[in-house]
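Biologist: Could you take me through one part of this model closely, a loop residue with an unusual backbone angle, and then show me the chain around that residue? I would be glad of the reasoning as well as the result.

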Amino acid sequence: MSVNNLPISKKHGFSLVEILVAASIMLIVAGAITSAFSKYILIARRNTNSVKAIYLLDEGVEIVKIMRDMSWKQNIEPIQNDSPFRVDRKTYSTTDSAELIGGIFDRTFVFSEICRNGNGDISECPSETVATDTRKITVNVTWNDGNGTNTKTLSTNISNLFRN
Amino acid sequence: MDFHKHKLSRGFTFVETLVYIAVFTLISGALIELMFFTQSTFNKINSSEGIESSANIFLESLSRDVHDSASSTIENSQLTLYEKDGSGNIYTVEYSTTTDNMLVMSQNGYTKTMTDPETLVSNLSFTDILTPHSKALGVEVSFKNIKSDEAANNTFWATYILKGSYK
């Protein structure tokens, strides 16, 4: 028979070693796909928190405006430059409580000085006069998603519009 | 025939068959596990995308309407905003939830759904904030996926000042 003339290696099926090699290749590929997916999940979850953080930043700026509308003298003037503070979301006054928003977001605010040049325009600080009626406010939202700390920042200038 | 006497023509031994079955079971187990994992990942991503897009559509639309309005009323988590058009006529914009937990905006008899078809509102609350010079509106909204029972913490917070209320 012609089959007897073939070399032995052509006649037998897969050996155990071959099966094991094939199996381990398949498992390695499957493992790689799984870990890629878990990264994808992680990023998707992180993204929802980023969206929330952006609205919290936006809200932070509105909160400082509300404090300004209430009274610049009482709410804005006493706060030192470059020292971070938190605001109570019910009373709109500064608070020492570091309670996290929704259990994960920490929102801090910090004022810094703004300068005006001879024309009254806002300019680089060290060389010009410090403005008394306008301050720079920076809002930071920080949260930990179990895989590290994330921070988003927004800043704007706020003026004593109502001379209050 | 010589062929039948050859060692390699015997087929598989019992032990070999057992090893093959074990390997096959392990691999198919891993693959089925992977399939379930892929499915649940897809569901999670799908649900968080629906929640994010609903939150964005709602809050972007609300911020524009609140900024444009001069006054507002809140009644049982239904918000009515009073805005002025180009010729100074006052018109109203309403935000509320329907009985089947969708978020809708209505204006001049025209109603628009703000939530993604697979996303429901589980909580919506508005708060008035009054200052001597302005009025602001706080909003807290929670969303959930239509299929999931999990009480996922998907709450968004925002506050907007009614620019027309400045005095």
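Modeller: Happy to! Let's begin with the cut-off we need: a residue counts as exposed if 12 or fewer other C-beta atoms lie within 10 Å of its own, and as buried if there are 20 or more. B:N76 has 6 C-beta neighbours inside 10 Å, so B:N76 counts as exposed. Please keep in mind that this is a predicted model.

Where does B:N76 lie? Its place is the loop between strand 1 (69–75) and strand 2 (78–84) of chain B. The backbone angle is what catches the eye here: phi of B:N76 is positive, about 45°, although the residue is not a glycine. As background, most residues other than glycine have a negative phi.

Now for the chain around that loop. Chain B contains 2 helices and 8 strands, and from the N terminus on the order is α-α-β-β-β-β-β-β-β-β. Its radius of gyration is 30 Å, well over the 15 Å that the globule rule gives for 167 residues, so chain B is more spread out than a compact globule. Along the principal axes, the C-alpha trace of chain B spans about 105 × 30 × 25 Å. Buried residues account for 28% of the 167 residues in chain B. If we take the contacts in chain B between residues at least 6 apart in sequence, 45% of them join residues at least 24 apart.

How far does the confidence go? The mean pLDDT of chain B is 87, with 91% of its residues at 70 or more. Within chain B, confidence is lowest in helix 1 (residues 2–5), at a mean of 50, and highest in strand 8 (residues 155–162), at 95. Where pLDDT is low, the predicted coordinates should not be read in detail. For the model as a whole, the scores are ipTM 0.83 and pTM 0.82.

Chain A offers a companion case for your loop residue. A:D82 is also not a glycine, and its phi is positive, near 60°. This residue sits in the loop between helix 3 (72–76) and strand 1 (86–87) of chain A. A:D82 has 9 C-beta neighbours inside 10 Å, so A:D82 counts as exposed.

To put the two side by side: B:N76 is exposed with a positive phi of about 45°, and A:D82 is exposed with a positive phi near 60°.

Conventions
Residues are numbered from 1 along each chain as its sequence is written. Chains are lettered from A and ligands numbered from 1 in the order in which they are written. This is a predicted model: local features need pLDDT of at least 70, side-chain atom pairs count only at pLDDT 80 or more; totals for chains, interfaces and linings use all residues. pLDDT is the predictor's confidence in each residue, from 0 to 100. Helices (H or I, at least four residues) and strands (E, at least two) are DSSP runs, numbered from the N terminus. The radius of gyration is taken over C-alpha atoms; the globule rule is 2.2 Å times the number of residues to the power 0.38. Two residues are in contact if their C-beta atoms, placed from the backbone, lie within 7 Å.
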